[in-house]
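Open the model in a viewer and keep the selection tool at hand. The stops below go from one selection to the next.

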Protein chains: 2
Amino acid sequence: MEASNYSHPYVPRELVLPDFTPGFLSQFTILGVFGIASFLVITSSWIVSGRFPKLSKIERSLMCWWAFTGLTHIILEGYFAFSPHFYKDKSAHFLAEVWKEYSKGDSRYAGRDSGVVSVEGITAVIEGPACLLTVYAIAKKASYRDVLQIAISLGQLYGTAVYFITSFLEGDNFASSPYYYYLYYVFMNSFWVWIPTLIVIRSWKRICTAFQAEAQSKKKRKTF
Amino acid sequence: MEASNYSHPYVPRELVLPDFTPGFLSQFTILGVFGIASFLVITSSWIVSGRFPKLSKIERSLMCWWAFTGLTHIILEGYFAFSPHFYKDKSAHFLAEVWKEYSKGDSRYAGRDSGVVSVEGITAVIEGPACLLTVYAIAKKASYRDVLQIAISLGQLYGTAVYFITSFLEGDNFASSPYYYYLYYVFMNSFWVWIPTLIVIRSWKRICTAFQAEAQSKKKRKTF
């Protein structure tokens, strides 16, 4: 094994990453750009959602979430899923920088763990576009808007479960320090636990209500 | 590495399984017992479903499927998820025999691949009991019966996708022979692709219809 194999900041130290190139951008820059881009997506989604009639504030907030999470899935996670060599990138490509940075919280990204790649691939290719469809579905009050939200949210929860359980089974030792562990691995992923959970509960209730209303109206028709 | 490490029938040959104990039952016996048990579960579910009023043949068939797949998840997959040493079993425990046999189609089971264990754990602990709840929900025409079926079916599809994609990413070389590959890995798993897909389509349509009916009746109320 060459000495250069250890020239990366990730844990476990034995991880072999030939031709690893250190990140060019600071954590502040990377998180700043991501934060500003997210803010712009959410703000513009909020403004656009206001142009559709009869949408509640919850529905408009949901449109913001689906636009944000959909673009995150497609752009950030899509780049990762199809860029096995991002850690060698010498061009300071922003998305490569993101994953070089995130790998400090979970080196399985740089290490190309098959479980992580599978989950990210499914998320980017199937869930990402479906999220953007949800933005449209809520705006148009489509009859499939709640089942679509449940489908994607459960997919996000399933993916996050696989993500955490595989790490646990493999010893949960993929973070460069507790700081990165809690900031990236725990805190950032937690949004894809509690938000999908709330959405599943809301849409589940709404679907049950729709079935009760349907059953009620069938009964009425029979009575008359 | 000791010579005994290679005393198993699985591929890749380098897989290390200390204290591996060969299966005691023949393939015919294992598949026969599974087949008869499945037949009994499906037949008795069909008979029981006939005692509930106003269930269509499709609904009764779905009850059979959910009873069969739920018990498979809980008993077979539940045993696997929590028995990391099944391949050492010397007691001819039927469930250990099942997984010793199935590992010929996918050695990641004997090898305790974290992706496979995660998916099987989620399937056994969450989806299994939810399947049995579905049998009840269909029998009672509960308002959550379709969203529950979609939730579990999408979980099964997500799990199967992770299962196949991780194997593909790791080289798809886990079967002892093409016979086991196609019979166990491809054919047997295919049931958890096409059946959940059909159920998702059916329940998706039914949920949309319920929302359309609800919207319609709200409109009517406003008209009067």
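A residue counts as buried under 20% relative accessible area, as exposed over 50%, and as partly exposed in between. The model on screen is predicted.

**Stop 1: an aromatic pair in chain B**

Select B:Phe191. With a relative accessible area of 28%, B:Phe191 is partly exposed because that value falls between the two limits. Now add B:Phe187, which is also partly exposed, at 46%. Both residues belong to helix 6 of chain B, spanning residues 178–223. They are four residues apart there, about one turn of the helix. Over all chains, a search of the whole structure gives 49 aromatic pairs. One of these is the pair B:Phe187 and B:Phe191, an edge-to-face arrangement with 5.2 Å centre to centre and 80° between the planes.

**Stop 2: a tryptophan in the same helix**

Stay in helix 6 of chain B and select B:Trp192. Is B:Trp192 buried or exposed? Its relative accessibility is 15%, so B:Trp192 counts as buried. Show its surroundings: leaving out residues up to four places away in sequence, B:Trp192 touches B:Trp65, B:Phe68, B:Thr69, B:Thr72, B:His73, B:Gln156, B:Leu157 and B:Thr160. For a distance check, pick the C-alpha atoms of B:Trp192 and B:Gly105: they are separated by 16 Å, with the two positions 87 residues apart along the chain.

**Stop 3: helices 1 and 2 of chain B**

Two packed helices are described by the angle between their axes and the distance between the axes. Select residues 27–49 and 57–81 of chain B, which are helix 1 and helix 2. Their axes come within 9 Å and cross at roughly 140°. The two helices are therefore oblique to each other, and their crossing is right-handed. On the helix 1 side the contact includes B:Phe34, B:Val41 and B:Trp46. On the helix 2 side, B:Phe68 and B:Thr72 are among the residues in contact; both also touch B:Trp192.

**Stop 4: helices 1 and 3 of chain A**

Move to chain A and select helix 1 (residues 27–49) and helix 3 (residues 94–102). Here the axes come within 10 Å and cross at roughly 115°, in a left-handed crossing. Which residues meet? A:Gln27, A:Ile30, A:Val33 and A:Phe34 come from helix 1, and A:Phe94, A:Glu97, A:Val98 and A:Glu101 from helix 3.

**Stop 5: arginines over rings**

Select A:Arg108 with A:Phe174: the arginine lies over the face of the ring, 5.3 Å from the ring centre. Then select B:Arg112, which lies over the face of B:Phe80 at 4.7 Å from the ring centre.

Definitions and conventions. Residues are numbered from 1 along each chain as its sequence is written. Chains are lettered from A and ligands numbered from 1 in the order in which they are written. This is a predicted model: local features need pLDDT of at least 70, side-chain atom pairs count only at pLDDT 80 or more; totals for chains, interfaces and linings use all residues. Side-chain values use heavy atoms; hydrogens and water are left out. Rings of Phe, Tyr and Trp (its six-membered ring) pair if their centres lie within 6.5 Å; planes under 30 degrees apart count as stacked, over 60 as edge-to-face and the rest as tilted. Buried means under 20% relative accessible area, exposed over 50%, partly exposed in between (1.4 Å probe, protein chains only). A charge sits over a ring if NZ of Lys or CZ of Arg is within 6 Å of the ring centre and within 35 degrees of the ring normal. Axes are lines fitted to C-alpha atoms, for helices over the stretch in contact, and angles run from 0 to 180 degrees between N-to-C directions. Angles under 35 degrees count as roughly parallel, over 145 as roughly antiparallel, 65 to 115 as roughly perpendicular and the rest as oblique. A crossing is left-handed if the near helix is turned anticlockwise from the far one by less than a right angle, and right-handed if clockwise. Contact means heavy atoms within 4.5 Å.
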